[in-house]
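Work through the exercises below with the sequence and the model side by side. Each task is followed by a solution in steps.

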Amino acid sequence: MNRKQRRADKKASPKKTPVLGASDVTTETEELGDLVDSQNQLNIKKYKQQFYHARDLFLQGDYGDSADILKELLKLRPDDTGVLKLLAAVSDKIKNFEAAILFYQAAIERDPGDYDSQVSIGILLIRKDEIDEGISLIEDILKNHAKDLDPIMEAEGYEALGNTYMLLGDKDLGEKHLKKACDLKPDSVDYLFNYTTQTKSIKDLDNKYFKRLREIEEKDLCKDNPDDNAILHYSLFDCYDAIKEHEKAFDHVLKGAEIKRKSSVEHDAEHVSALYQAVIHYFDQNLMDTHEMKGVDSDKPVFVLGMPRSGTTLLERILLSHPDIGGVGEDALIGHLIRNYSFMDFYKDRVYPLRSNRENRDYMPTEIIGEKYTAYIERKCPSAKRVINKAMGNVFWTGYLHIAMPNARFIHIKRNAMDSCISSFSKHFVDNAQSFSYDLAELGDYYKHYTMYLEHWNALFPEKILNIHYEDIVDDLEGQARQAIDFLGLKWDKACLAFHKAEGTVRTASATQVRQPIYKSAVGRWKRYGPKVIPLIEALQEAAPEEAIEYLKVYKQKNPD
């Protein structure tokens with residue numbers, strides 16, 4: 001049976017309609033008993049009012065209360081495809097992709113001509129990493145049933161294909177589909193953003209998508225939507241930067257970051273500083289030398305450490321090109337276990353700082369958390385001798401990870417502070433991630449804490465940490481790659497030098513760059529933007545590179561006011 005036949009069988013046999021559990025959503029909404037009268041007749045008017053209320057709650061981000069109302073409505077009218085599809089959308093938002101697919105399948109069972117839901121299932125399959133099935137389903141619908149699709153869903157289908165092909169490294173197909181999405185929905189700054197940032201195809205002011213972005217800005221079409229307005233300015237940054245109008249570009253990223261920081265991003269610099277200090281205070285030399293906590297013996301785990309945009313994805317791709325190395329990307333399992341189940345009582349006079357969920361009274365000793373994680377990566381990468389995890393939170397858990405998995409190795413990649421920070425600042429991260437990166441002063445302050453952290457871990461167990469500089473990889477790829485492979489206790493393989501040809505998805509902001517051979521144009525990038533980067537230099541203080549400190553000194557001499 002081929003892939004399309006398997007897909008057709010799945011569509012023909014939808015599974016039973018699921019019910020979201022309490023673990024997925026929580027709510028205090030009252031029962032909807034008044035929708036049925038004394039003669040057991042449904043009050044359609046009130047039913048519709050509740051549906052629209054649930055929809056409004058969904059649009060406001062109140063997924064728990066929305067789901068609760070919808071579940072009650074579904075009991076009254078199990079065949080209501082509108083309710084089923086809205087429940088699917090709720091499930092998607094809370095990342096319960098399995099439930100979302102089942103709700104869409106239930107809607108299709110009741111309305112076999114609902115091709116919009118089939119496109120939605122394809123998108124969800126891609127998110128679940130069932131990429132071949134997802135691509136095949138969406139392509140089939142777009143090829144054979146485009147006229148039956150809502151234009152918005154048609155555009156979403158093309159955008160999903162475009163994004164996925166870009167992640168897979170097929171730039172031609174990716175760009176083709178992203179263009180189609182932009183053409184179908186020309187006012188979507190999301191689609192324009194994906195096209196401009198992923199394809200890197202802007203060469204001049206005449207590019208029609210660049211023109212459209214400028215038109216949207218000139219007409220102020222995003223003024224009432226801060227999220228779209230921020231994305232618009234990040235898109236314009238990429239466009240102007242591509243045509244070497246760097247200072248104009250930086251004006252746009254400053255504006256986009258300001259909008260984002262004020263409208264949706266929360267960052268408490270004092271809290272972050274206190275937390276970093278607490279972790280360093282708890283995980284000190286005395287604890288490392290005298291604790292009797294047990295860990296798991298596996299030497300399979302490898303954790304990549306580094307700031308966002310410092311070269312962690314490049315390093316990961318180099319290592320994953322080795323036949324004995326597997327990877328789990330930015331997998332969140334270990335962070336989830338530590339935040340919710342870890343505990344230490346080594347110091348009676350200090351609060352254990354890593355556990356954020358204090359309401360959950362269950363806890364696991366270090367050895368159990370180590371065992372759970374190593375068993376997980378064993379299932380994910382059974383044939384690999386080493387498994388890479390490059391989650392951004394790794395730097396925060398490093399001390400705990402060393403205790404729970406004492407044979408684990410850590411590779412820290414460090415980049416020029418100015419280049420690393422400017423690269424982070426110029427990126428619009430998904431789901432408001434990297435909250436410290438939307439203000440130059442906050443970003444510089446965070447970088448100093450990150451540097452302090454790495455110095456601390458290097459002092460405690462230097463034999464377990466390899467420090468590599470991004471600039472050294474650019475200058476000497478083979479030398480640095482050999483050093484890393486040797487540190488991991490593996491034999492050298494020249495496949496590591498062809499990392500840009502490796503197959504597989506890359507799900508980070510560096511997806512486009514790591515599909516290329518090593519290039520040097522990103523070194524010293526910060527210098528393009530002139531005095532606009534001065535707030536970052538001032539925030540970094542002694543953590544700034546010497547040439548940045550010298551630049552600031554000269555600038556102030558020339559501009560004393």
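**Exercise 1. A residue of the core**

Leaving aside its neighbours within four places in sequence, which residues is Phe283 in contact with?

Solution. The model is a predicted one.

Step 1. Set aside the residues within four places of Phe283 in sequence; the remaining contacts of Phe283 are Met288, Met344, Tyr352, Leu354, Gly399, Tyr400, Ile403, His456, Trp457 and Leu460.

Step 2. Place Phe283 in its core. The largest nonpolar core holds 142 residues, and Phe283 is listed with Leu70, Phe250, Leu354 and Tyr400 as having the most contacts inside that core.

Step 3. Look for another core. A second, separate one has 25 residues, including Ile411, Ile468, Ala481 and Leu490.

**Exercise 2. The chain as a whole**

Find how many helices and strands the protein chain has, and what percentage of its residues count as buried.

Solution.

Step 1. Count the elements: the protein chain contains 25 helices and 5 strands.

Step 2. Apply the burial cut-off of under 20% relative accessible area. Of the 561 residues in the protein chain, 52% count as buried.

Step 3. Turn to the contacts with a separation of 6 or more in the protein chain: 69% of these are between residues 24 or more positions apart.

**Exercise 3. Helix H12 and its two partners**

Describe how H12 packs with H10 and with H11.

Solution. Two packed helices are described by the angle between their axes and the distance between the axes.

Step 1. Begin with H10, residues 189-199: its axis and that of H12 are 9 Å apart, at an angle of about 25 degrees. H10 is therefore roughly parallel to H12, as angles under 35 degrees count as roughly parallel. The crossing of H10 and H12 is left-handed.

Step 2. List the residues of this contact. H10 contributes Val189, Asp190, Leu192, Phe193, Thr196 and Thr197, while H12 contributes Asp228, Ile231, Leu232, Tyr234, Ser235, Asp238 and Cys239. By type, the residues where H10 meets H12 comprise 7 nonpolar, 3 polar and 3 charged.

Step 3. Go on to H11, residues 208-218. Its axis comes within 10 Å of the axis of H12 (residues 226-242), and the two cross at roughly 135 degrees. H11 and H12 are therefore oblique to each other. Their crossing is left-handed.

Step 4. List the residues here too. On the H11 side are Phe210, Leu213, Arg214, Ile216 and Glu217; on the H12 side are Leu232, His233, Ser235, Leu236, Cys239 and Tyr240. The contact of H11 with H12 is made up of 7 nonpolar, 2 polar and 2 charged residues.

**Exercise 4. Three loop residues**

Where do Lys95, Gln541 and Lys147 lie, and is each one exposed or partly exposed?

Solution. Exposed means over 50% relative accessible area.

Step 1. Lys95 sits in the loop between helix H4 (81-93) and helix H5 (97-110). Its relative accessible area is 56%, so Lys95 is exposed. Although Lys95 is not a glycine, its phi is positive, about 65 degrees.

Step 2. Gln541 belongs to the loop between helix H24 (534-540) and helix H25 (546-558). With a relative accessible area of 43%, Gln541 is partly exposed. Gln541, also not a glycine, has a positive phi of about 55 degrees.

Step 3. Lys147 is in the loop between helix H7 (131-144) and helix H8 (151-168). Its relative accessibility is 71%, so Lys147 counts as exposed. The C-alpha atom of Lys147 is 9.9 Å from that of Tyr115, a residue 32 positions away along the chain.

Note on methods. Residues numbered from 1 in each chain as written. Predicted model: local features only at pLDDT ≥ 70, side-chain atom pairs only at ≥ 80, totals over all residues. Heavy atoms only, no water. Axes fitted to C-alpha atoms, helices over the stretch in contact; angles between N-to-C directions. Helix = DSSP H or I, 4+ residues; strand = E, 2+ residues; numbered from the N terminus. Parallel < 35°, antiparallel > 145°, perpendicular 65-115°, else oblique. Left-handed = near helix turned anticlockwise from the far one by under 90°. Contact = heavy atoms within 4.5 Å. Nonpolar A, V, L, I, M, F, W, Y, C, P; charged D, E, K, R; others polar. Core = buried A, V, L, I, M, F, W, Y, C linked by side-chain atoms within 4.5 Å. Buried < 20%, exposed > 50% of the residue type's maximum accessible area, 1.4 Å probe, protein only.
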